[in-house]
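Dear colleague,

Please find below the structure that I am handing over to you. My findings follow directly after it.

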Amino acid sequence: MNILAVESSCDETAVAIVRDGRTILTDCIASQVDLHRIYGGVVPEIASRKHIEAIYGLADQALERTGLKRSDIDAVAVTYAPGLIGAVLVGVNFAKAAALALNKPLIPVHHIRGHIAANYLACPDLKPPFLCLVVSGGHTMIVDVQDYTKMEILGTTLDDAAGECFDKVGRVLGMPYPGGAALDKAASKGNADKYQLPRSKPGQNPYDMSFSGLKTAALNLIHHAEQVGEELDVNSLCASFCQAVSDTLVPRVVQAMKQTGRDKLAVAGGVAANSRIRADIMAAAKKLDAQVYLPPLSLCGDNAAMIGSQAYYEYLAGNTAGMELNAYATKSILGESL
Ligand code: KG4
Ligand code: ZN
């Protein structure tokens, strides 16, 4: 089954064609990052406009690159939530028009379910059940993936997402948007023990997390150094920050693996590209004797191939939509009715 998949929830316009949920025939992406960098973050109105400009050309490019004809497409999938509402709407309207014109099913996909599915593309042998640590720019959660479309959230951040904190700290340190990758690079040259940063334990649920205290502590440290004219060891601050994020995530994942008895652990989302987190997850999985799945960096960030992968399983579960499909800025991953 060839699925034409569309992703436009943030600042990447993407169109992919994925076969049977596991094979990427093509994955075309037009990134807007350079444009938003001028403003230090995503400007929603600009994002929507750029999606409109790029999306038709990308769909043509996807067909051209694969040599497929329009009639070879069996279904159209799209990220319908969550994301910047104007941005998501562009993808949803394009996908609705394409499904209508092709007379093929329309499959709505939750963006975070898509991030989890990036692992199906990277690891052909991965099948649920498994545990997944989702760490993206907008979400941080530990998900028990019981089946392709049946999930339970074991814990989540109670405030900021890990990626948001990377971006905020990166911005204050004068790093280009989005700050995560630059912070990661600087961290590799620093000493993670140099700065003491907090590891919060919020609430009753041992799997819940909090990052706002860590973000504030890092920002205070930077501002204080500026005020008293103290020279910061930026690389070591980045290393200490990455370590604090990893120390917030990894022990919870370990505990969740033990409690659920799962023996497979996957990681998903843009922050899954972080070297410290990747190394700590690998080490933890080794100790647990668990199989670990880490998508390559190209599949960690936003792309449409992951949407096409999850769409296949949504289709098999009967989760298609009609022309009344709407876009949503927020929506639970648990897949309550549309
Ligand atoms: O999943 P994603 O592409 O978009 C959302 O769905 O939010 O994640 C983007 C986030 C940004 O916050 C970015 O700074 C972060 O992923 N990121 C990283 C790294 N590469 C990207 N964070 C830490 N270390 C990295 N190497
Ligand atoms: Zn994402």
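**Ligand 1 and the nonpolar cores**

In this predicted model, an oxygen atom of ligand 1 lies 2.9 Å from a polar backbone atom of Gly270. A polar backbone atom of Gly138 is 3.3 Å from an oxygen atom of the ligand. The side chain of His111 also takes part, with an N or O atom 3.1 Å from an oxygen atom of ligand 1. On its own, ligand 1 has 560 Å² of accessible area, of which the protein covers 86%. The ligand is surrounded by 19 residues, and Gly270 is among the closest, together with His115, Gly137, Asp167 and Asp184.

Turning to the protein interior, the largest nonpolar core comprises 49 residues. Within this core, the members that touch the most others are Ile142, Phe241, Val245 and Leu249. Two or more residues each come from the strands β6 (130-135) and β9 (264-268), and from the helices α5 (162-172), α6 (179-187), α7 (212-228), α8 (234-260) and α9 (275-288). The greatest contribution is that of α8, which supplies 13 residues.

Phe241 merits inspection in the viewer. Leaving aside residues up to four places away in sequence, Phe241 touches Cys165, Phe166, Val169, Leu183, Leu197, Leu214 and Ala218.

Another core, of 37 residues, lies apart from the largest one. Its members include Ile3, Val109, Val134 and Ala311.

With kind regards

How values were computed
Residues numbered from 1 in each chain as written. Chains lettered and ligands numbered in written order. Predicted model: local features only at pLDDT ≥ 70, side-chain atom pairs only at ≥ 80, totals over all residues. Heavy atoms only, no water. Core = buried A, V, L, I, M, F, W, Y, C linked by side-chain atoms within 4.5 Å. Buried < 20%, exposed > 50% of the residue type's maximum accessible area, 1.4 Å probe, protein only. Helix = DSSP H or I, 4+ residues; strand = E, 2+ residues; numbered from the N terminus. Contact = heavy atoms within 4.5 Å. Near = heavy atom within 4 Å. Polar contact = N/O pair within 3.5 Å; in protein donor to acceptor, adjacent residues only side chain to side chain. Areas by Shrake-Rupley, 256 points an atom, 1.4 Å probe, with all protein chains shown as cover.
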